[in-house]
Amino acid sequence: MKKLIINADDFGLSNSVNQAVIKGWESGILTSTSLMVEGSAFNEAVQIAKDNPNLQVGLHLTLLQGKGTAEHEGFPSLLDYQGNFPNDPIMAGMRMFFLRPLRKQIAKEIEAQIEKFLSTGLKLSHIDGHLNIHMHPTVFDILCKLMPKYDIKSFRLSRERLLTELSISKRRFLGKCVDAFIFGRLAKRCRSPLEILGINYADEVKGLLNSGSMTEDYIFKALDRLQEGVTEIYLHPGYLKDSETTKWMPDYQHENELAALLSPKIKEKITKNGIKLCNYNGEEKLLC
């Protein structure tokens with residue numbers, strides 16, 4: 001059987017994102033979302049989630065391009081003097097890997113974000129990360145200690161079949177090849193610890209290699225190429241551009257991704273192909 005998780009990232013980033021998430025849940029194929037606890041519209045997102053208790057919500061762990069949750073002292077510091085993470089993902093990743101004094105701060109920050117999420121009263125369904133930072137070796141090793149502590153049972157294991165992806169879209173060809181190689185290696189490293197801990201993960205994740213361009217046409221083609229088992233497709237839906245989405249994702253097709261979530265053509269394709277929509281808990285969503 002083919003099962004499909006449809007997740008919206010960046011819940012809480014802005015009102016535009018929040019409204020797109022709830023629209024995708026109420027009228028579209030969305031089955032879950034991932035919350036940024038320091039997003040400018042965090043409180044609104046929490047209220048939306050409470051008003052829609054069947055919408056599964058996970059933590060969108062943020063360790064770059066955003067504000068920190070915990071206070072950090074000492075040098076080197078995970079944050080700048082304004083409390084912000086680095087913006088450059090490559091530089092941020094290198095600092096976290098090579099600067100061992102940062103590891104206590106990283107662990108403190110991750111735990112602070114988990115606890116801030118749980119303080120809302122929402123059930124934390126899964127862990128993923130902004131720009132997939134949760135797959136970083138240093139971050140992942142810390143999560144392996146914290147997920148059992150907080151009874152977190154699902155994790156986004158980000159990796160895709162490159163040749164299948166290129167058969168759908170050859171956009172960003174070289175970048176996709178590099179990303180597929182890197183995340184394939186990271187996933188191989190992560191898989192065994194996840195299985196030992198009994199942490200669930202999807203058999204494949206789509207959205208990694210074509211991030212920001214998960215349009216109706218793209219998803220329509222991807223549905224014909226799903227493997228048996230569980231696939232997660234993640235998107236970044238939004239309405240009109242706002243200051244937050246423009247700042248961090250100026251090239252992303254937020255409105256087109258929302259349109260894909262609401263598309264009758266996509267709904268029909270899912271039904272025709274016998275695909276079951278579900279969340280990380282395996283709870284099925286029926287299309288209306």
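The legends below accompany views of a predicted model.

**Figure 1. Overall fold of the predicted chain, with its eleven helices and eight strands.** The radius of gyration of the chain is 18 Å, close to the 19 Å given by the globule rule for 288 residues, so the chain is as compact as a globular protein of that length. Along its principal axes the C-alpha trace spans about 55 × 40 × 35 Å, and buried residues account for 56% of the 288 residues. Among contacts with a separation of 6 or more, 76% link residues that lie 24 or more positions apart. The accessible surface of the chain is about 12900 Å², with 55% of this area belonging to carbon and sulfur atoms.

**Figure 2. Helix α1 (residues 15-27) and the elements that cover its buried residues.** The 13 residues of helix α1 should span 18 Å at 1.5 Å a residue, and this agrees with the 18 Å that separates its end C-alpha atoms. Its buried residues are Ser-16, Val-17, Asn-18, Ala-20, Val-21, Ile-22, Gly-24 and Trp-25. The cover over these residues includes the strands β1 (2-11), β2 (32-35) and β8 (284-285), together with the helices α2 (42-51), α9 (243-248) and α10 (254-262).

**Figure 3. Surroundings of Ser-125 in strand β4 (residues 124-129).** Ser-125 counts as buried because its relative accessibility is 7%, which lies under the 20% cut-off for that class. The side chains of Ser-125 and His-126 are joined by a polar contact of 2.6 Å. When residues up to four places away in sequence are not counted, Ser-125 touches Gln-56, Val-57, Gly-58 and Ser-154.

Key: Residues numbered from 1 in each chain as written. Predicted model: local features only at pLDDT ≥ 70, side-chain atom pairs only at ≥ 80, totals over all residues. Heavy atoms only, no water. Helix = DSSP H or I, 4+ residues; strand = E, 2+ residues; numbered from the N terminus. Expected span 1.5 Å × (residues − 1). Buried < 20%, exposed > 50% of the residue type's maximum accessible area, 1.4 Å probe, protein only. Contact = heavy atoms within 4.5 Å. Polar contact = N/O pair within 3.5 Å; in protein donor to acceptor, adjacent residues only side chain to side chain. Rg over C-alpha atoms; globule rule 2.2 N^0.38 Å. Areas by Shrake-Rupley, 256 points an atom, 1.4 Å probe, with all protein chains shown as cover.
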